[in-house]
Amino acid sequence: MSPRFRGRSLTARQPRTPPPARPRGQSWWARLRGRSLRTRLLVFICAALVVVCTAMALTTIFAQRAYLLGNLDQRVSDAASRSQGGVRIGPSGDTDLGFLNEQGQPIGTVAARLGDDGQVLAAKVVSRAGGLETLTAAQRAALSGIEADGSLHTRTVPGLGTYRVTALDGGGEQAVMTGLPMDDVQDMIRGLVVVEAVVAAAGLTVAGCVCAVVIRRQLRPLGRVAATAVEVSRSPLGHGEVTALIRVPERDTDPGSEAGQVGAALNRMIDHVETSLAERQRSEEEMRRSEERMRRFLADASHELRTPLASIAGYAELMNRGTQKIEPTMAWRRVSAESARMTGLVEDLLLLARLDEGRPLQSAEVDLAALVAEAVWDARAAGDSHNWQLALLLDSPALVVGDEARLHQVVANLLANARVHTPVGTTVVASVEATDTHCTIRVRDGGPGIPPSLLPRVFERFTRADASRSRMSAENGGSGLGLAIAAAITTAHDGTIRVESTPGRTEFTIELPSAEVLTPAAGAGGKTAVSPRV
């Protein structure tokens with residue numbers, strides 16, 4: 001597999017499947033809901049603009065038409081009034097309409113005399129040449145049926161067009177009908193419709209383009225947030241191997257916008273996911289380390305216990321056979337020694353188990369100066385081949401609250417560790433210091449030192465040194481639990497233990513919280529330093 005594809009999900013390389021076909025008869029609303037937010041916003045905005053533009057155009061057209069029609073009606077009424085006056089002063093006769101020229105009627109004006117039944121008796125129109133033309137029977141029929149009450153009517157006259165006409169009673173004479181063409185009004189309305197349509201189309205096009213650009217730019221942060229969410233969803237979160245997930249850019253987390261709020265919330269969610277993953281990884285790592293330590297602990301404990309058990313079983317078998325190759329007293333002595341060794345190992349393991357469980361220790365005031373002095377005397381008695389020294393650097397009593405026996409065991413383990421892992425004649429110094437807040441115990445030796453590779457795990461259980469700090473003999477060798485017990489007891493007393501080692505110098509330091517001084521120290525004075533050969 002190519003390195004650049006390593007770690008990616010296999011599903012990311014599969015071809016994108018086409019969306020499922022929409023069923024026939026699906027409503028436009030359902031189809032629109034399947035589109036992207038950008039498309040829906042653009043459709044809704046364009047639809048709203050179309051509705052607004054249409055409403056404005058229709059309102060303008062109808063208002064203009066009403067205005068022009070009202071103006072035309074006024075002109076028709078005025079022309080009818082003039083025609084009525086012409087009838088009164090004009091020559092009599094059913095077909096006499098000469099008053100049209102006398103009154104100076106505009107071109108296209110239609111005038112007619114009406115009978116009592118509303119039939120058109122005579123009708124003429126002012127031609128473009130300025131003369132009068134007689135209307136045909138069909139044209140007169142289109143104008144018939146209009147009552148002489150002054151109301152306005154719209155009639156379409158064949159060959160002449162649409163007219164706005166009205167008829168007035170002649171006051172004893174024949175009624176006269178007058179009409180004016182509506183061509184100018186209709187042409188103006190049609191021109192207005194064309195202008196409105198062109199302007200609306202251009203405006204909608206420009207507005208649609210602007211809205212598309214604005215929507216695209218405004219939705220870019222949301223798109224980046226969505227892309228981040230998709231990228232995070234493609235990460236193998238279920239395997240717990242993710243350490244750094246992608247984040248929404250800071251510019252897309254502005255709380256003043258909805259997209260910024262979503263981006264900030266997504267980043268917080270990713271933080272929680274990473275924290276949970278990291279915690280799970282730490283738990284798994286700790287579990288693996290604990291299992292490894294447990295397996296190593298069991299293996300070491302089994303090995304340590306198997307050695308004395310094997311010795312005891314061997315001597316018991318020899319004694320059972322009654323062989324003369326070994327004296328019963330010596331065999332019994334060896335069995336007792338191995339039993340004691342096994343008992344000590346079991347007691348150490350039980351002590352560590354109790355400390356791990358957090359069982360409380362005895363609590364009493366302990367004088368560390370006396371405790372360390374006793375431990376040094378015991379170490380000299382156990383091995384006088386070393387130069388043991390005690391240094392007390394005290395301004396006040398070195399008093400702590402704790403379990404005296406366990407604290408003595410800590411110091412004894414450190415001194416035994418120095419005796420076992422240093423050559424004969426090495427100087428070992430145990431010192432005690434006290435301040436208002438802490439008491440410090442230091443055990444320093446001039447041995448070969450601890451290898452740097454061993455220092456990080458020197459307080460782990462069953463840790464043994466290599467050749468540079470090896471056990472001097474099999475009999476004096478420890479089980480590798482002494483420093484682990486010292487560290488566990490120190491931690492149980494709310495203290496700390498550390499080690500510093502270089503070739504020719506190794507120093508263990510224990511710091512414990514001081515106890516409250518109940519009585520003033522006797523014989524106050526400066527520091528006293530005692531460094532005899534104990």
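In strand 6, G179 is the bridge partner of V110. The structure described here is a predicted model. Strand 6 spans residues 175-181, and 6 of its 7 residues are buried, so the strand is largely enclosed by the rest of the structure. Strand 1, residues 110-114, pairs with strand 6 in the antiparallel sense over 5 bridges. Strand 5, residues 161-168, likewise runs antiparallel to strand 6, and 6 bridges join these two strands. Within strand 6, the residue standing opposite L168 is V176. In a regular strand, side chains alternate between the two faces of the sheet.

Salt bridges were then examined. A search of the whole structure returns 9 of them. Side chains of opposite charge can pair when their charged atoms come close. One such pair is R288 and E285, whose side chains meet with an N to O distance of 2.1 Å. These two residues lie 3 positions apart in helix 7, which means that about one helical turn separates R288 from E285. R288 has a relative accessibility of 41% and is classed as partly exposed. E285 is also partly exposed, at 36% relative accessible area.

A second salt bridge connects R442 and E507, with 3.7 Å between the closest N and O atoms. This pair links distant parts of the chain, as R442 belongs to strand 11 (residues 438-445) and E507 to strand 13 (residues 505-513), with the two positions 65 residues apart in sequence. E507 also forms a salt bridge with R505, and here the closest N and O atoms are 3.0 Å apart. The relative accessible area of E507 is 8%; the cut-off for a buried residue is under 20%, and E507 is therefore buried. R505 is partly exposed, with a relative accessible area of 36%. Through shared partners, salt bridges join R505 and E507 with E433, R442 and R444 in one network.

Two surface patches were considered next. The positive patch is made up of R38, R216, R217 and R220. Of these residues, R217 is located in helix 5, which covers residues 183-218. The relative accessibility of R217 is 52%; exposed residues are those over 50%, so R217 counts as exposed. The nonpolar patch on the surface consists of L37, L41, L222 and V262, which together have about 270 Å² of accessible area. V262 lies in helix 7 and is partly exposed, at 42% relative accessibility.

Helix 7, which runs over residues 258-321, also contains L305. L305 has a relative accessible area of 24% and is partly exposed. In sequence, L305 and T343 are 38 residues apart, while the C-alpha to C-alpha distance between L305 and T343 is 9.3 Å.

Technical notes
Residues numbered from 1 in each chain as written. Predicted model: local features only at pLDDT ≥ 70, side-chain atom pairs only at ≥ 80, totals over all residues. Heavy atoms only, no water. Patch = residues over 30% accessible without salt bridge, like charges linked within 9 Å, V, L, I, M, F, W, Y side chains within 5 Å. Areas by Shrake-Rupley, 256 points an atom, 1.4 Å probe, with all protein chains shown as cover. Salt bridge = Lys/Arg side-chain N within 4 Å of Asp/Glu carboxyl O. Lys, Arg positive; Asp, Glu negative; His and termini not counted. Charge placed at Lys NZ, Arg CZ, Asp CG, Glu CD. Helix = DSSP H or I, 4+ residues; strand = E, 2+ residues; numbered from the N terminus. Buried < 20%, exposed > 50% of the residue type's maximum accessible area, 1.4 Å probe, protein only. Pairing = 2+ DSSP bridges.
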